[in-house]
2 protein chains.
Amino acid sequence: MVVTLHESASVRAGTTGAHQPEPRPRVVILGAGFGGLSAAISLRRAPVDVTVIDRRNYHLFQPLLYQVATAGLSPAQIAMPIRRILSRQSNATVLMNRVESIDVAARCVVTTGRRIAYDYLIVATGARHTYFGNDAWADHAPGLKTIADATAIRARILSAFERAEVTEDPQLRERLLTFVVVGGGPTGVELAGAIVELARKTIVRDFRHIDASSTRVILIEAGERILPTMPPALSGKARDQLEALGVEVVLGSAVAGCDQRGVQLGDGTEIGSACVLWAAGVMASRAAKWLGAPADRTGRVKVNEHLNPPGHDEIFVIGDTAAVIDATGRPVPGVAPAAKQMGRYATRAILDQIAGRSTAPFRYRDYGNLATIGRKAAVADFGKAWLSGYAAWLVWNFAHLWFLVGFRNRLVVFLDWALAYVRNDRAVRLITGQNE
Amino acid sequence: MVVTLHESASVRAGTTGAHQPEPRPRVVILGAGFGGLSAAISLRRAPVDVTVIDRRNYHLFQPLLYQVATAGLSPAQIAMPIRRILSRQSNATVLMNRVESIDVAARCVVTTGRRIAYDYLIVATGARHTYFGNDAWADHAPGLKTIADATAIRARILSAFERAEVTEDPQLRERLLTFVVVGGGPTGVELAGAIVELARKTIVRDFRHIDASSTRVILIEAGERILPTMPPALSGKARDQLEALGVEVVLGSAVAGCDQRGVQLGDGTEIGSACVLWAAGVMASRAAKWLGAPADRTGRVKVNEHLNPPGHDEIFVIGDTAAVIDATGRPVPGVAPAAKQMGRYATRAILDQIAGRSTAPFRYRDYGNLATIGRKAAVADFGKAWLSGYAAWLVWNFAHLWFLVGFRNRLVVFLDWALAYVRNDRAVRLITGQNE
């Protein structure tokens, strides 16, 4: 059970009697993404009390969120209640609440209406997309981070086709059938590929007035190649596969403006589009502010090689919220496997501290890097070897099913993928939300 | 293809040349619920042009919507894109648009930004819940009609448990663990049974501070029995089964007030609750206003035994929007089978008019009436015979799977039901929405 400041004070004062057991170290984990959840689970047999705080009630399998946004999967297929995952872990308590601040001196997390005391703190509050100071773009170019983001993007994509079918204005129709994805990282590539497949393969027979196969999907990347964390040869393979599907890839162009008409590029080009999606730029959560710790320019807390912010070896910052140079001297990428490794490392370090042992610095193990593009199209980088096309796509599918949490989710995702493959269909083509 | 006023004028003026084929009768269907969709499908081989207009892009299997609201099913499992259902029906066009009004004299439906001319019109725009003039109650006691309603109710139910787990105020905790369902019709009964099962069987192990098995679920019905359209003996059976699950059934009590503290009954009793759900009172769509036709007190258009409003045998009003006394002299109930039968009747009457034949009056065939209460608990009324308990529950499950649209939906609903049965689980326990 969680020991609040109040209860903790009574325990310390001994008011509850002599039979009160010795309080166990309290580990508080902020955020139940890949990092926080792997930390919580790896403490399942440890003699500590674990409290997981998240402002959502579910753990989200982020790598498949773009499939919710493009009508392939339902939210529940890639999300699982945090408290259900930890249901049988008797030393774990889950609180759905919002973190307001952290009282580092008093070792206490301040949540809405309640203070939670800790002996060890793991901060795993992730990151969100950013518009590089142009927050007005958010209304015209939504980003993809939560389930609500995904269902809103799904509604925006599907509504564009519906409005194109209704309108009698050819210019508006053209704008409605032009989709722009900003950012050539994995999410941008996956979104662009999925939209062009949705338009040209899935829904093309369903409309009477528009020719959905004429849909334009434009991927805009400011750098000189897409998937910049992959080897250059694989970036080229990915671009070839995207273009084969019908995506127009624009490289070396930054977005200079974004409004209800579409996007303006740095060179003055205007692209008319009623559906611009934002997959560029990531900003860490407010953890650095909460901790009063130094941050890099994307807001990530600069931690040492034990994942501690300066002067606090009882605090660990992990996952997308941390800027880490690992024991090999390389920066750790903001990917799910790295967050999970950091989560497990933090719990090992905590148990070492409790036992009075020292812990070796964190070392990231890179097992490879995957990105999917579309049906039978993907790239996979395993350091010494790489794959492209059908083989990479099979690896991608297998890996994502493998890492999904829960038997039911694996089964239903597999079923929907199998049906989608056979029928060229997408099962979740629903426009829902407050504007219904 | 749909013939708009503009196109229709050019066809009539002969400006497109001598090879223009004779225009086919234009049947416009408003609403793609059970009634509208069955009308559209039964015209699949008829020599007419069909246009289906709905402000949503999906057909919803309403009878299972309460399972979305209580975290058992995902929206996509009970909803299907209208244009996908009609994809291969070449004489059918689907337009997602909002009806503003109907120009009965000009035989034209006015939608947002576009007028759609018709030769025959089928109005199947359904009904919504009503608060009997107390619209301020809507914020405190949401009703269940759309997918957005269902996911909002799901968030409200699940959030109550989450907030109860966080709070340290015992009075607030008690209010959060008290659920009130207003209305003892099928939806109210199903919601109450599902909430008590969710609390006492599914989530009870997942919390550390609250005892979810102490959750109170109170069903309030103004009349003297629940399920008033069933025989009295079955109402009693249903009540027994609800109470065995743990629902408190309050009969003969109308709600006199509803605010953020809970509900006030007519006799002055106050029930503190943070989650009141509204399943009482139905109001038809605005069709009577659009048509300038007489309506009953719930807004339903009074139609003749051919389903026409007075003086317009080219217009058919069907489903929950119509007040019908059928050929046997009995009022037709507002249920899915009746809507489907009316949809098929309207299309037969249209084809008869085109062929110059007369049509026998509409006659409702009642194949029975089912309501589910919980696991292995249901009632079924087949007129001469009835079932209760396990047998009724099996019939209910089979019937609902049978009538679901689409192979994929049948398969995934069956899977989730089977897993839920074996594990006492609910697969979709997600709190999503704009407040995330």
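Visitor: Let's start with Asp352(A): does the side chain count as buried or exposed, and at what relative accessibility?

Guide: Buried means under 20% relative accessible area, exposed means over 50%, and partly exposed lies in between (1.4 Å probe, protein chains only). Asp352(A) has a relative accessibility of 10%, so it counts as buried. Keep in mind that this is a predicted model, where local features need pLDDT of at least 70, side-chain atom pairs count only at pLDDT 80 or more, and totals for chains, interfaces and linings use all residues. Residues are numbered from 1 along each chain as its sequence is written, chains are lettered from A and ligands numbered from 1 in the order in which they are written, and side-chain values use heavy atoms, with hydrogens and water left out.

Visitor: Which residue forms a salt bridge with Asp352(A)?

Guide: A salt bridge here is a side-chain nitrogen of Lys or Arg within 4 Å of a carboxyl oxygen of Asp or Glu. For Asp352(A) the partner is Arg357(A), and their closest N and O atoms are 2.8 Å apart. Over all chains, the structure holds 36 salt bridges.

Visitor: And what does Arg426(B) meet in a salt bridge?

Guide: That would be Glu197(B), at 3.5 Å from N to O. This pair links distant parts of the chain, 229 residues apart: Arg426(B) sits in the segment after helix H12 (407-423) of chain B, and Glu197(B) in helix H7 (residues 186-202). Helices (H or I, at least four residues) and strands (E, at least two) are DSSP runs, numbered from the N terminus. Arg426(B) and Glu197(B) are both buried.

Visitor: What is the nearest side chain of opposite charge to Glu221(A)?

Guide: Arg225(A), but at 8.9 Å away; Glu221(A) is buried yet has no salt bridge. For charge, Lys and Arg count as positive and Asp and Glu as negative, while His and the chain ends are not counted. You'll find Glu221(A) in strand E12 (residues 216-221) of chain A. Leaving aside residues up to four places away in sequence, Glu221(A) touches several residues (heavy atoms within 4.5 Å), among them Gly183(A), Ile226(A), Val250(A) and Ser253(A).

Visitor: How many residues of chain B are in contact with chain A?

Guide: There are 59 residues of chain B in contact with 59 residues of chain A. About 5,200 Å² is buried between the two chains, and carbon and sulfur atoms give 51% of it; that is accessible area (1.4 Å probe) lost on putting the two parts together, summed over both. The count of salt bridges between chain B and chain A is eight.

Visitor: Where do Arg114(A) and Glu168(B) fit in?

Guide: Their side chains meet in a salt bridge, 3.7 Å from N to O. The pair crosses between chains, from strand E8 (residues 114-117) of chain A to the loop between helix H5 (147-166) and H6 of chain B. Arg114(A) is buried at 7% relative accessible area, whereas Glu168(B) is partly exposed at 45%. Arg83(A) and Glu165(B) also meet in a salt bridge, at 4.0 Å from N to O. In addition, Arg84(A), Asp206(B), Asp425(B) and Arg429(B) are linked in a network of salt bridges.

Visitor: By what turn can chain B be laid on chain A?

Guide: Two copies of a chain are related by a rotation about an axis and a shift along it. Here a turn of 180° with a shift of 0.0 Å along the axis lays chain B on chain A with an RMSD of 0.0 Å. That is the relation of a two-fold axis. The superposition is by least squares on the C-alpha atoms of residues with pLDDT of at least 70 in both copies. The copies meet through the same surface, because 100% of the interface residues of chain B are also interface residues in chain A.
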